Amino acid sequence: RANYTFSKLTDDFGANHCDGCGASMTNPFDRSFDYGISSTNVPNVFHLSAVWQMPRLTSGRLLGTLANGWELSGVTNWRNGFPFTVFSGVDNSFTGVNWGTTRADFTGSKISEAKYGDRAHGQMVQQYFNTSLFVVNAVGTFGNSPLNALQSPGLFNTDFAAMKSFRITEEANVQFRAEFFNIFNNVN
């Protein structure tokens with residue numbers, strides 16, 4: 001089985017989407033300031049699951065006992081990361097209603113400048129995006145960086161299992177099962 005979903009989710013709920021934190025608008029004077037890609041937008045999602053029962057061998061009792069009854073299964077999940085907004089961490093708008101949701105000022109010419117291309121994992125851990133292009137927002141403003149313009153790392157995971165059933169009696173089986181979670185040891 002496999003399925004793929006391509007989607008786009010937009011909203012004007014506010015930049016601070018967290019459970020129980022009292023999400024609010026960034027700019028209480030302009031609701032459209034918070035219209036854009038939702039923080040829960042995941043544009044690409046792919047799932048694949050498979051089960052394979054190995055064909056039965058008819059030769060020899062010992063060989064048949066060892067080789068027959070095996071099943072292999074796997075589940076693969078791949079999806080984009082969640083979008084995020086760069087916040088200034090300071091209420092320079094002085095509204096008092098949006099502490100923590102005031103956006104940083106973007107100093108570059110295009111937001112794509114802030115996104116790093118393919119780099120080694122260690123480099124991405126040190127600095128996921130170009131933070132030098134963001135500064136604390138100017139006093140009296142709500143910041144100019146786009147809402148959810150950057151995307152966090154995606155997820156790729158494959159789980160695998162190998163199973164062997166042994167017939168004990170006509171009504172009873174015993175199953176050996178080996179399961180491997182994140183078999184490719186992918187860091188997510």
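This passage describes a sheet, two pockets and three asparagines in a predicted model.

The sheet is open and has five strands. Their order is β1-β4-β5-β10-β11, and the pairing is antiparallel. β1, residues 2-6, forms one edge. β11, residues 173-180, forms the other. Each of these edge strands pairs on one side only. From one strand to the next, the twist averages 10°. Strands of a sheet pair through backbone hydrogen bonds, either parallel or antiparallel.

The partner of β1 is β4, which covers residues 44-53. These two strands run antiparallel and are joined by five bridges. Within this pairing, Thr-5 has Val-45 of β4 as its bridge partner.

The largest pocket has a volume of about 690 Å³. Its lining comprises 30 residues. Nearest the centre of the largest pocket lie Met-124, Tyr-128, Ser-152, Pro-153 and Gly-154. Five elements each supply at least two lining residues: β5 (70-79), β6 (83-84), α2 (121-126), β9 (150-151) and β10 (155-167). Among the contributors, α2 gives the most, with three residues. By class, the lining of the largest pocket holds 17 nonpolar, nine polar and four charged residues.

The second largest pocket encloses about 290 Å³ of space. Arg-56, Arg-61, Gly-64, Thr-65, Asn-68 and Gly-69 are among the residues that line this pocket. Lys-164, Ser-165, Phe-166, Arg-167 and Asn-173 also belong to the lining of the second largest pocket. Two or more residues come from each of α1 (61-67) and β10. β10 gives the most to this lining, with four residues. The class count for the second largest pocket is one nonpolar, six polar and four charged residues. β10 therefore has a place in three settings described here: β10 is a strand of the open sheet, supplies at least two residues to the lining of the largest pocket, and gives the most to the lining of the second largest pocket.Two asparagines have positive phi values. Asn-148 sits in the loop between β8 (134-135) and β9. Phi of Asn-148 is near 50°, a positive value in a residue other than glycine. With a relative accessible area of 7%, under the 20% cut-off, Asn-148 is buried. Asn-185 lies in the segment after β11. Phi of Asn-185 is about 55°, again positive although the residue is not a glycine. Asn-185 counts as exposed because its relative accessibility is 63%, over the 50% cut-off.

Asn-182 is also found in the segment after β11. At 21% relative accessibility, Asn-182 counts as partly exposed. Leaving aside residues up to four places away in sequence, Asn-182 touches Asn-157, Thr-158 and Asp-159. Asn-182 and Val-86 are 96 residues apart in sequence. In space, the C-alpha atoms of Asn-182 and Val-86 are 30 Å apart.

Notes. Residues are numbered from 1 along each chain as its sequence is written. This is a predicted model: local features need pLDDT of at least 70, side-chain atom pairs count only at pLDDT 80 or more; totals for chains, interfaces and linings use all residues. Side-chain values use heavy atoms; hydrogens and water are left out. Two strands pair if DSSP finds at least two bridges between them. Axes are lines fitted to C-alpha atoms, for helices over the stretch in contact, and angles run from 0 to 180 degrees between N-to-C directions. Buried means under 20% relative accessible area, exposed over 50%, partly exposed in between (1.4 Å probe, protein chains only). Contact means heavy atoms within 4.5 Å. On a 1 Å grid over the protein atoms alone, a cavity is a set of points where a 1.4 Å probe fits but cannot get out, and a pocket is an open set with protein on both sides within 12 Å along at least five of seven lines; lining residues have an atom within 4 Å of a point. Grid points are joined across faces, edges and corners, and a volume is the space filled by probe spheres set on the points. Ala, Val, Leu, Ile, Met, Phe, Trp, Tyr, Cys and Pro count as nonpolar, Asp, Glu, Lys and Arg as charged, and the others, Gly among them, as polar.
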